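Thanks for sharing this one. Here are my notes, written to be read with the model open beside them.

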Amino acid sequence: MSYFALVAAAGNGFRFGAGLPKQYAQLHGKPVLQYSIERLASGFALATTYVVIAPDDHWFDDAIVDQRGLAVLRCGGATRGASIRNALDAMSGVAPDDW
């Protein structure tokens, strides 16, 4: 059995009002999303951490440090629920007894 994490990061940040999605806002020199990814990796023995982003997201590649076990899914939907559904459909290597 393997363990996987799914991070929903496909929001556009319009209500945040910063000109970029809030997951890329800097907090002590790093994007908020980077902290989430790092905390998951340090706290759990994960096979893969999947990050679902919007198909037209152009910040991820420049903002987030690539690390072992990290996979980006560019399949975010119109709602958080749609993004998660799309991501679950796109996740690969997950067996029926995995978490």
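1. Let me start with T48. Setting aside residues up to four places away in sequence, T48 touches Y3, F4, A5, G69 and A71. Its place is in strand 4, which covers residues 48–52. With a relative accessible area of 15%, T48 is buried, because the cut-off for that label is under 20%. Please keep in mind throughout that this is a predicted model.

2. Now for the overall layout. The protein chain has three helices and five strands, and reading along the sequence gives the pattern β-β-β-α-β-α-β-α. The radius of gyration is 13 Å, close to the 13 Å from the globule rule for 99 residues, so the protein chain is as compact as a globular protein of that length. Along the principal axes, the C-alpha trace spans about 40 × 30 × 20 Å.

3. Some totals for the protein chain may be handy as well. Of its 99 residues, 32% count as buried. The accessible surface comes to about 6400 Å², with 55% of that belonging to carbon and sulfur atoms. Among contacts with a separation of 6 or more, 54% are between residues 24 or more positions apart.

4. Which residues make up the largest nonpolar core? It has 10 residues in all: V7, A9, Y24, L33, I37, V51, I53, F60, I64 and L70. I64 is a good place to begin looking: leaving aside neighbours within four places in sequence, I64 is in contact with Y24, P31, L33, Q34, I37 and L70. Apart from this core lies another, of seven residues, and its members include F4, Y50, V52 and C75. F4 is also one of the residues that T48 touches.

5. On to the charged pairs: the structure holds three salt bridges. In one of them K30 pairs with E38, and their closest N and O atoms are 2.6 Å apart. K30 counts as partly exposed at 27% relative accessibility, and E38 is partly exposed too, with a relative accessible area of 29%.

6. R74 and D61 form another salt bridge, where the closest N and O atoms are 2.9 Å apart. This pair links distant parts of the chain, 13 residues apart: R74 sits in the loop between strand 5 (70–73) and helix 3, while D61 belongs to helix 2 (residues 60–63). R74 is partly exposed, at a relative accessible area of 34%. D61, by contrast, is exposed, with 58%, because the exposed label applies over 50%.

7. The salt bridge between R85 and D89 has its closest N and O atoms 3.0 Å apart. Where do R85 and D89 lie? Both are in helix 3, four residues apart, about one turn of the helix. R85 counts as partly exposed at 46% relative accessibility, whereas D89 counts as exposed at 56%.

8. The two ends of the chain deserve a look together. D98 is located in the segment after helix 3. The C-alpha atoms of D98 and M1 are separated by 5.0 Å, although the two residues are 97 residues apart along the chain. Not counting neighbours within four places in sequence, D98 is in contact with M1, S2, F4 and G93. Is D98 buried or exposed? At 15% relative accessibility, D98 counts as buried, since buried means under 20%.

9. Finally, W99, which is also found in the segment after helix 3 (80–90). W99 counts as exposed at 67% relative accessibility, in contrast to D98, which counts as buried. W99 joins M1 and Y3 in a nonpolar patch on the surface, and together the three have about 430 Å² of accessible area. Two members of that patch have come up before: M1 is in contact with D98, and Y3 is among the residues that T48 touches.

Methods. Residues numbered from 1 in each chain as written. Predicted model: local features only at pLDDT ≥ 70, side-chain atom pairs only at ≥ 80, totals over all residues. Heavy atoms only, no water. Patch = residues over 30% accessible without salt bridge, like charges linked within 9 Å, V, L, I, M, F, W, Y side chains within 5 Å. Areas by Shrake-Rupley, 256 points an atom, 1.4 Å probe, with all protein chains shown as cover. Salt bridge = Lys/Arg side-chain N within 4 Å of Asp/Glu carboxyl O. Helix = DSSP H or I, 4+ residues; strand = E, 2+ residues; numbered from the N terminus. Buried < 20%, exposed > 50% of the residue type's maximum accessible area, 1.4 Å probe, protein only. Rg over C-alpha atoms; globule rule 2.2 N^0.38 Å. Contact = heavy atoms within 4.5 Å. Core = buried A, V, L, I, M, F, W, Y, C linked by side-chain atoms within 4.5 Å.
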